[in-house]
Amino acid sequence: MSQPLFGLVAAGQPVIITPTESPTPTSFIYAVPAPPSKTSSHIVVFFLPGVALVDGTAAAIYLVTPPAPGQTAPNSKFLGGIGPGKESAIFKVGVDNTGQIVLGVSVEPAASVAERMEQLSAAKQASSSSSEAAAAGALVPVSQAQTQQEVALAQRIIKSAFNFLASYSGQVGPNGVEVVPLRAFEEWWRRFEGRIRADPGFLERGE
């Protein structure tokens, strides 16, 4: 797994495809600079074009935070996963005291990842039910519109990158491994950033 497998996009930041470190051949650490003056940020994690994991595996995604007092190892919190049929995910995560967000991505058995995602979903649903019960008499009900807009925005960014990069893909090696050159990502980001500056609303229009 020497080729980049995953891409990360934090709000207001360029695409990151190179991990900060790789503790093992199947685990990767990404230190993502946080937007200035922000205590949290949305990050999209996705498979790079042409990437396919080994059958029966998926990518588990963790938020890595500094060790608590008295601890030596950093803490990790399971956020979710991506795999066949779910090639991307968006997360809202907090910024640590170093001004960055550290994510870990680990290739693990798909069954294990799926089980923890189900547990996470059940816990969120239980929490949501409690919140809805507490807010039943509120004048303004809790809305999911903002979350839906954020997901749609992330999907459009990924679609833009995929459509552009697909034309640069090629095959190398005796097994015909499909790759995309790094310069293609740089060119996509240059054009994407230029269009954002010229027409900030084009993503909302779904163009």
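Let us begin with serine 40, whose bridge partner in β7 is glycine 94. This bridge belongs to the pairing of β4 with β7, which runs in the antiparallel sense over 7 bridges. Please keep in mind throughout that the model before you is predicted.

On its other side, β4, residues 40-47, pairs with β1, again in the antiparallel sense, here over 5 bridges. Which residue of β4 is the bridge partner of glycine 7? That partner is phenylalanine 46.

Putting these pairings together, we have an open sheet of 3 strands in the order β1-β4-β7, with antiparallel pairing. Why is one side of β1 and of β7 left without a neighbour in the sheet? The reason is that β1 (6-10) and β7 (88-94) stand at the edges, so each has a single partner strand. Neighbouring strands of this sheet are turned against each other by 25° on average, with direction ignored.

Let us stay with β7 and consider its side chains. In a regular strand, side chains alternate between the two faces of the sheet. Strand β7 shows such an alternation: Ala89, Phe91 and Val93 point to one face and are buried. Ser88, Ile90, Lys92 and Gly94 point to the other face and are not buried. You will recognise Gly94 as the bridge partner of serine 40, with which I opened.

I now turn to two serines in other strands. Serine 27 is found in strand β3, residues 27-33, and serine 106 lies in strand β8, residues 100-109. Are they buried or exposed? Serine 27 has a relative accessibility of 15%, and because the cut-off for buried is under 20%, serine 27 counts as buried. Serine 106, at 15% relative accessibility, likewise counts as buried.

Each of these serines also makes a polar contact through its side chain. For serine 27, the contact is with the side chain of threonine 24, at 2.6 Å. For serine 106, it is with the side chain of glutamate 108, at 3.0 Å.

What do the two serines touch further along the sequence? Leaving aside residues up to four places away, serine 27 touches Ser22, Val105 and Ser106. With neighbours within four places left aside, serine 106 is in contact with Thr26, Ser27, Ala58, Ala59, Ala60 and Tyr62. The two serines are therefore in contact with each other, as Ser27 appears among the contacts of serine 106.

Let us step back to the whole chain. How many helices and strands does the chain contain? There are 3 helices and 10 strands, and along the sequence they follow the pattern β-β-β-β-β-β-β-β-α-α-β-β-α. Of the 207 residues in the chain, 33% are buried. Among contacts between residues at least 6 apart in sequence, 64% join residues at least 24 apart. The accessible surface of the chain comes to about 12,400 Å², and 55% of that surface belongs to carbon and sulfur atoms.

I close with confidence. The mean pLDDT of the chain is 78, and 75% of its residues reach 70 or more. Where is confidence highest, and where is it lowest? It is highest in strand β5, residues 57-65, at a mean of 93, and lowest in strand β10, residues 177-179, at 69. Over residues 137-143, pLDDT stays under 50, and the model has 0 contacts beyond four places in sequence for these residues. Where pLDDT is low, the predicted coordinates should not be read in detail.

Methods: Residues are numbered from 1 along each chain as its sequence is written. This is a predicted model: local features need pLDDT of at least 70, side-chain atom pairs count only at pLDDT 80 or more; totals for chains, interfaces and linings use all residues. Side-chain values use heavy atoms; hydrogens and water are left out. Two strands pair if DSSP finds at least two bridges between them. Helices (H or I, at least four residues) and strands (E, at least two) are DSSP runs, numbered from the N terminus. Axes are lines fitted to C-alpha atoms, for helices over the stretch in contact, and angles run from 0 to 180 degrees between N-to-C directions. Buried means under 20% relative accessible area, exposed over 50%, partly exposed in between (1.4 Å probe, protein chains only). A polar contact is a pair of N or O atoms within 3.5 Å; within protein, one must be able to donate a hydrogen and the other to accept it, and residues adjacent in sequence count only if both atoms are side-chain atoms. Contact means heavy atoms within 4.5 Å. pLDDT is the predictor's confidence in each residue, from 0 to 100. Accessible areas come from the Shrake-Rupley method with a 1.4 Å probe; for residues, only the protein chains shown count as cover.
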